[in-house]
Amino acid sequence: VSGVLVLAESRGGELRGVTFELAAAAASVRDQVGGPVRVALIERDPGRHTDALAAAGADELLLVPGVTEHLEANVTARALEMLIDAEQPALVLAAHTVDGLGVAPAVAARRGLGFATNVTSIRWDGGLVARRRASDAGLEEEVALPGDRPALLTVRPGSFAAPAPARAPLPPASRARERAHTDAAATEHIGFRQPAAGEVEIARARFLLSVGRGVGDAEGVRRFEQLAGRLHAALTASRPVIDAGWIPRTRSVGQSSRAVKPRVYLALGISGAVPHLAGIRGADTVIAVNTDPEAPIFSVADYGAVVDMFELADGLTRRLDQTGDSVYSNGSPIS
Ligand SMILES: Cc1cc2nc3c(=O)[nH]c(=O)nc-3n(C[C@H](O)[C@H](O)[C@H](O)COP(=O)(O)OP(=O)(O)OC[C@H]3O[C@@H](n4cnc5c(N)ncnc54)[C@H](O)[C@@H]3O)c2cc1C
């Protein structure tokens with residue numbers, strides 16, 4: 001029993017970014033766990049991702065052509081079990097995503113693996129220790145995984161930084177092995193329903209302008225929506241603003257909604273309650289604007305201003321009017 005097996009994710013023929021985060025998580029304990037990092041991709045045509053996956057830093061790729069174009073939980077779970085039986089990894093990593101959660105618990109239960117969900121970090125202390133979110137109210141838990149049996153962890157997206165692409169691809173011989181698999185699908189994919197036009201995937205946006213209850217009302221939100229558009233930022237909000245119905249739920253940030261990891265998170269009129277802060281841990285830079293100098297958001301902010309958010313909006317709007325919307329000195333807005 002050795003090595004780490006990563007379950008890659010793809011959707012609609014596209015590799016998902018969380019795959020590279022899983023590879024980073026695997027690399028962080030590779031030396032202690034011992035053995036290679038293998039990345040498994042189970043989808044209709046996994047070969048199309050060989051180069052991208054090799055750049056993720058895997059020692060070996062295990063390609064299992066699936067019978068379905070879209071994730072089918074039964075097929076993927078059975079294929080993953082086959083790989084676990086064949087490779088005997090000490091650690092299996094899947095994403096704590098809708099797809100990962102459709103597969104991982106069944107595999108862990110059927111194979112009797114040590115199991116932890118919602119993992120945000122992994123360390124080695126004579127054995128594997130995983131830190132995980134244990135509740136929606138910010139409670140965290142550390143669990144030790146017994147060394148006498150393999151473990152399967154679902155890793156929360158945004159918890160590990162994806163590695164920079166490897167300089168040289170892996171040598172072809174160790175690059176990819178194809179495994180046959182023939183389990184039948186137990187469901188049939190009918191179709192996806194896309195979110196309404198104009199919606200953005202906030203977890204991927206690089207610049208978020210986020211409003212809290214300080215925005216006052218729906219009219220206030222429209223004001224900041226315009227400002228966000230001119231700044232090339234995506235508009236997000238804290239829960240009260242979502243619950244009031246002023247912004248669609250897909251824009252909600254926090255532990256019970258979405259974790260985000262933008263380069264810049266501009267928090268306007270947000271107090272910084274623990275459930276909200278849990279969602280912005282992955283932000284590179286947090287800028288907080290609040291009229292209350294004691295607001296907890298300032299304790300996590302890289303930059304802060306005790307100022308009325310509407311005054312700030314006026315000032316920024318004036319500046320945008322003067323500069324013809326190019327507020328960035330190098331002319332390359334963050335988007
Ligand atoms: C189980 C559970 C899960 C939750 N999950 C989430 C979650 O996922 N995401 C989330 O956001 N919340 C969540 N919450 C709610 C969370 O606890 C807070 O209530 C919420 O984050 C507070 O939102 P807020 O900061 O916008 O509002 P408030 O806490 O009311 O803060 C408003 C802030 O605006 C400032 N302000 C007012 N006027 C202005 C102005 N003109 N200019 C500048 N500043 C101004 C005030 O000083 C204040 O700091 C959850 C709660 C529970 C119990």
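These are my notebook entries on the ligand site, the nonpolar cores and two single residues of this structure.

**Entry 1, the model.** I am working with a predicted model, so I keep that in mind throughout.

**Entry 2, the ligand shell.** I began with the ligand and asked which residues surround it. I found 23 residues around the ligand, and R213, S238, S256, S271 and N290 are the closest. Sorted by class, this shell holds 12 polar, 7 nonpolar and 4 charged residues.

**Entry 3, polar contacts of the ligand.** Next I looked up individual atom pairs. H276 places a polar side-chain atom 2.8 Å from a ligand oxygen atom. Q255 takes part through its backbone: one of its polar backbone atoms is 3.2 Å from an oxygen atom of the ligand. M309 also uses its backbone, with an N or O atom 2.9 Å from a nitrogen atom of the ligand. I then checked how much of the ligand is covered: on its own it exposes 980 Å², and the protein buries 72% of that. Two elements, α8 (239-243) and α9 (274-277), each give two or more residues to the shell.

**Entry 4, the nonpolar cores.** I moved on to the largest nonpolar core, which has 36 residues. Which of its members touch the most others? They are V4, V6, L91, L93, I122 and L153. Helix α1 (residues 18-33) is the element that gives the most to this core, with 9 residues. I picked L153 for a closer look and set aside its neighbours within four places in sequence. L153 is then in contact with L91, V92, L93, A94, A116, V119, I122, A130 and L145. There is another core, apart from this one, with 22 residues, including V221, F224, V264 and A313.

**Entry 5, T19.** I stayed with helix α1, where T19 lies. Is T19 buried or exposed? I note it as buried, because its relative accessibility is 2%, under the 20% cut-off. Not counting residues up to four places away in sequence, T19 touches V6, A8, E9 and L53. V6 is a name I had already written down, as one of the residues that touch the most other members of the largest core.

**Entry 6, G57.** My last stop was the loop between α2 (50-54) and β5 (60-65), where G57 sits. I call G57 partly exposed because its relative accessible area is 34%, which falls between the 20% and 50% limits. I also looked up its C-alpha distance to A24: the two atoms are separated by 8.2 Å, while the residues are 33 apart along the chain.

Notes. Residues are numbered from 1 along each chain as its sequence is written. This is a predicted model: local features need pLDDT of at least 70, side-chain atom pairs count only at pLDDT 80 or more; totals for chains, interfaces and linings use all residues. Side-chain values use heavy atoms; hydrogens and water are left out. A residue is near a molecule or strand if one of its heavy atoms lies within 4 Å of it. A polar contact is a pair of N or O atoms within 3.5 Å; within protein, one must be able to donate a hydrogen and the other to accept it, and residues adjacent in sequence count only if both atoms are side-chain atoms. Accessible areas come from the Shrake-Rupley method with a 1.4 Å probe; for residues, only the protein chains shown count as cover. Helices (H or I, at least four residues) and strands (E, at least two) are DSSP runs, numbered from the N terminus. Ala, Val, Leu, Ile, Met, Phe, Trp, Tyr, Cys and Pro count as nonpolar, Asp, Glu, Lys and Arg as charged, and the others, Gly among them, as polar. A nonpolar core is a set of buried Ala, Val, Leu, Ile, Met, Phe, Trp, Tyr and Cys residues joined through side-chain atoms within 4.5 Å. Buried means under 20% relative accessible area, exposed over 50%, partly exposed in between (1.4 Å probe, protein chains only). Contact means heavy atoms within 4.5 Å.
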